[in-house]
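Please look over the model below with me. My notes follow as short numbered points, on pockets and on aromatic rings.

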Amino acid sequence: MRRHLWTGAGLAFVGIGAVGAFLPLLPTVPFLLLALFCFARGNPAWEQRLLDHPKWGPPLRQWRERRAIPRRAKKAALLAMAISVAITAATAGWPWVLVPALVMALSGAWIWTRAE
């Protein structure tokens with residue numbers, strides 16, 4: 001039963017990651033990392049298929065082996081977060097803009113300090 005739940009969760013994360021491949025503000029690789037985590041517990045063959053994927057496999061392997069994020073991905077993540085802060089500032093205004101700004105500052109600093 002557990003294997004089926006892990007596999008189902010992995011499939012859900014792959015689905016969200018696939019949507020993120022087409023929507024600019026939704027990340028792809030973090031959801032695929034979650035899918036790897038789930039597949040490792042539910043379906044190791046599917047985990048290996050993700051790791052062997054020609055486009056998404058290399059960043060997944062880099063993260064797994066060295067906890068590394070490519071510079072291009074770092075810049076894209078920070079840009080997406082900055083756009084989110086700007087949208088919040090324009091729509092919700094003060095003081096609500098502080099919430100995404102704080103999240104961006106903390107998570108952005110963490111992302112930027114990862115290996116490349």
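**Notes on pockets and rings**

1. The largest pocket holds about 1200 Å³ of space. Keep in mind that this is a predicted model.

2. Which residues lie nearest the centre of the largest pocket? They are Pro27, Thr28, Val29, Pro30 and Ala73. The full lining of this pocket counts 36 residues. Find those five on the display before you move on.

3. Four helices each supply at least two residues of the lining of the largest pocket. They are helix 2 (29-42), helix 4 (57-66), helix 5 (71-91) and helix 6 (98-112).

4. What classes of residue make up the lining of the largest pocket? The lining has 29 nonpolar residues. Another five are charged, and two are polar.

5. Now the second largest pocket. Its volume is about 160 Å³. Helix 1 (2-20) and helix 3 (44-52) are the elements that give two or more residues to its lining. Helix 1 gives the most, with three residues.

6. The residues that line the second largest pocket are Val14, Gly17, Ala18, Ala21, Thr28, Leu32, Arg49, Leu50, His53 and Trp56. By class, six are nonpolar, three are polar and one is charged. Note Thr28: this residue lines the second largest pocket, and Thr28 is also among the residues nearest the centre of the largest pocket.

7. Next, the aromatic rings. The whole structure contains four aromatic pairs. One of interest joins Trp6 and Phe37, whose ring centres are 5.7 Å apart. Why is this pair edge-to-face? The planes of the two rings stand at 75°, and planes over 60 degrees apart count as edge-to-face.

8. The Trp6 and Phe37 pair links distant parts of the chain. Trp6 belongs to helix 1 and Phe37 to helix 2, and the two are 31 residues apart.

9. How exposed are the two partners? Trp6 has 31% relative accessibility, so Trp6 counts as partly exposed. Phe37 has 40%, so Phe37 is partly exposed too. The reasoning rests on the cut-offs: buried means under 20%, and exposed means over 50%.

10. Phe37 has a charged neighbour as well. The charged end of Arg41 sits over the ring of Phe37, 3.6 Å from the ring centre. So one residue, Phe37, brings together a ring pair with Trp6 and a charge from Arg41.

11. Trp56 also has a charge over its ring. Here the charged end belongs to Lys55, and the distance to the ring centre is 5.1 Å. Trp56 is one of the residues that line the second largest pocket.

Notes:
Residues are numbered from 1 along each chain as its sequence is written. This is a predicted model: local features need pLDDT of at least 70, side-chain atom pairs count only at pLDDT 80 or more; totals for chains, interfaces and linings use all residues. Side-chain values use heavy atoms; hydrogens and water are left out. On a 1 Å grid over the protein atoms alone, a cavity is a set of points where a 1.4 Å probe fits but cannot get out, and a pocket is an open set with protein on both sides within 12 Å along at least five of seven lines; lining residues have an atom within 4 Å of a point. Grid points are joined across faces, edges and corners, and a volume is the space filled by probe spheres set on the points. Ala, Val, Leu, Ile, Met, Phe, Trp, Tyr, Cys and Pro count as nonpolar, Asp, Glu, Lys and Arg as charged, and the others, Gly among them, as polar. Rings of Phe, Tyr and Trp (its six-membered ring) pair if their centres lie within 6.5 Å; planes under 30 degrees apart count as stacked, over 60 as edge-to-face and the rest as tilted. Buried means under 20% relative accessible area, exposed over 50%, partly exposed in between (1.4 Å probe, protein chains only). A charge sits over a ring if NZ of Lys or CZ of Arg is within 6 Å of the ring centre and within 35 degrees of the ring normal.
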